[in-house]
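Student: Before we begin, could we go through the terms used for an interface between chains, and ask of each one what justifies it?
Tutor: Yes, let us take them one at a time.

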Amino acid sequence: MNCKNVEPLLSLYVGRDLEEEQSRLVAAHLRSCSECTLAADEYAGASQLLQGYEPPFFSDEIYAGIRGQVLNEIKREFRAPVRPGIFSQVFLALVQPRMRWITAVVLLAISVTALYLSRNPSHQLPNQEQVTVRTGEPTRGGGGADVRSGNSNESASSSLLSHKAQDHVSSRRLPTTARRKANAGLAANNRSQHLHNTKVDAATSESVVQRHVDVSQPSTAPVPLRVEMQTSNQNIRIIWLSTQRPRAGARDGSKGI
Amino acid sequence: MIPEVTIEAHDFTVASEKRLPENVPTQVSRSLARLIDRAAAGDMVAFDEIMKHSEQRVMRMTWRMLGNEADARDAAQEVFLRVYKYLGRFRQDQPFFAWVYQITLNVCRDIAKKRRQYDTQFTSLENGGNDVSDDQADAEKTLIRQQERELIMKAIATLPERERAAILLRDLEGLSTDEVAHIMRSTPTTVRSQISSARQKIRVYCGRYLKREERRPHEL
């Protein structure tokens, strides 16, 4: 090894930081090179100076003071935290990074739902006017019509009476007792009609219109109209919805349908 | 009575590194490991014992890194606070004092940054070098020692932070290059380069003094 190669290694050689082989080569060079030997001596002198870089003497009082301050700081800083209330816990849980997305999605869903409901009043049915139409079983065969022909007017009138009476009872919101009397009269009328038509196998066509009107609201308000028709098949029910009121001539409900 | 058994935490020994002082941090005694467990569980008495066990090492390192007693005391206090705070993260399979050295270097770096803001310097020997006993008869010898200390202190103050830490850990704390690399989270090659650079700078800084004194070369 020459001086150029040895010079960068001298500091490590003096500090014994070289591998054994490198250290042996540097030592061999130093035996033959006075200049590098002088440099190595300077490194050794600097190393000896460095060993004199000792801190001053710290008394036991200084160490005890440091320990005391540390322990006091630990007691003050690492004291058991006061348990937060339930609302604080929920709030803290919601604002945690893991829950932020869930919270944002829930709030967004609530906002969208509220906006949708506010812009679609048809979903609000508190003042809905409801008309229910029930149709009886159709007359079986043409013979039925012939047999019933003699009483058709009466049947129709009773049906109309029934419709009008029920409409009257429902729309006026009579007291319970009065409503019972009206229904009893209707039942008697129907019973007599039923006795007239004993030869008819099936019940005659019957149309019952019920209108439920909330009298607390003015009738001119543009509330949606809901009409339900129960067909002869119990599994089929026709529901008709309209935001416009029926015509004035069809206020009884039967003509509007 | 359980005999004191040492646990070999790291095998850093390199063939060429035969000069390891007694305070190498590669061995963690079983009693210290028990103290660490208790302190991590909140036992303040155990933590006080840990502080007693390591306070001299920490104070020595903080003073050497920062150069004055006030900063060294503040740094040591912060080091122990961080040790307590993160004691639960300490793994028993690593050397405890290497971990403490890591914290010490981090704290010293933070304090050095603050100190640079306030433009404070290393204290001179007149202020900091109070370990020279007054009963020494030879006043000239005392003066020479004081000059040497001030010289080396100024030389170290000129070193970059990482070079200073590397040479202090290697040459004054007596750790191996691999241990220093572990503490500084670096590679042994990098640490060796930093140590070499630091020694060269110190030699240059102290060169005039060394030539003037015409010191005799030391046996290697």
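Student: How many residue pairs are in polar contact between chain A and chain B, counting pairs with both residues at pLDDT 80 or more?

Tutor: The model is a predicted one, and with both residues at pLDDT 80 or more, the count between chain A and chain B is 13 residue pairs in polar contact. On the side of chain A that touches chain B, helix 2 (10–14), helix 4 (34–51) and helix 5 (60–77) of chain A each supply at least two residues, and helix 4 gives the largest share, eleven residues.

Student: What makes Asp17(A) and Arg170(B) a salt bridge?

Tutor: The closest N and O atoms of Asp17(A) and Arg170(B) are 2.7 Å apart, and the rule asks for a side-chain nitrogen of Lys or Arg within 4 Å of a carboxyl oxygen of Asp or Glu, so the pair qualifies. Across the interface of chain A and chain B the rule finds six salt bridges, while the structure holds 22 over all chains.

Student: Why is the salt bridge of Glu42(A) and Arg203(B) said to join two chains?

Tutor: The side chains of Glu42(A) and Arg203(B) meet at 2.8 Å, N to O. Glu42(A) lies in helix 4 of chain A, whereas Arg203(B) belongs to helix 9 (residues 188–213) of chain B, and therefore the pair joins two chains.

Student: Why are helix 4 of chain A and helix 6 of chain B called roughly perpendicular?

Tutor: Helix 4 of chain A and helix 6 (residues 139–157) of chain B pack at an angle of about 100 degrees, their axes being 9 Å apart. Angles of 65 to 115 degrees count as roughly perpendicular, so the two helices earn that description. Their contact is made by Ala46(A), Leu49(A) and Leu50(A) on one side and by Glu148(B), Leu151(B), Ile152(B) and Ile156(B) on the other; by class, it has six nonpolar, no polar and one charged residues.

Student: Which atoms give 65% of the area buried between chain A and chain B?

Tutor: Carbon and sulfur atoms give that 65%, out of a buried area of about 4600 Å². Leu49(A), Leu50(A) and Tyr53(A) supply 18% of the area that chain A buries against chain B, more than any other three residues.

Definitions and conventions:
Residues are numbered from 1 along each chain as its sequence is written. Chains are lettered from A and ligands numbered from 1 in the order in which they are written. This is a predicted model: local features need pLDDT of at least 70, side-chain atom pairs count only at pLDDT 80 or more; totals for chains, interfaces and linings use all residues. Side-chain values use heavy atoms; hydrogens and water are left out. Buried area is the accessible area (1.4 Å probe) that two parts lose on being put together, summed over both. A polar contact is a pair of N or O atoms within 3.5 Å; within protein, one must be able to donate a hydrogen and the other to accept it, and residues adjacent in sequence count only if both atoms are side-chain atoms. Helices (H or I, at least four residues) and strands (E, at least two) are DSSP runs, numbered from the N terminus. Axes are lines fitted to C-alpha atoms, for helices over the stretch in contact, and angles run from 0 to 180 degrees between N-to-C directions. Angles under 35 degrees count as roughly parallel, over 145 as roughly antiparallel, 65 to 115 as roughly perpendicular and the rest as oblique. Contact means heavy atoms within 4.5 Å. Ala, Val, Leu, Ile, Met, Phe, Trp, Tyr, Cys and Pro count as nonpolar, Asp, Glu, Lys and Arg as charged, and the others, Gly among them, as polar.
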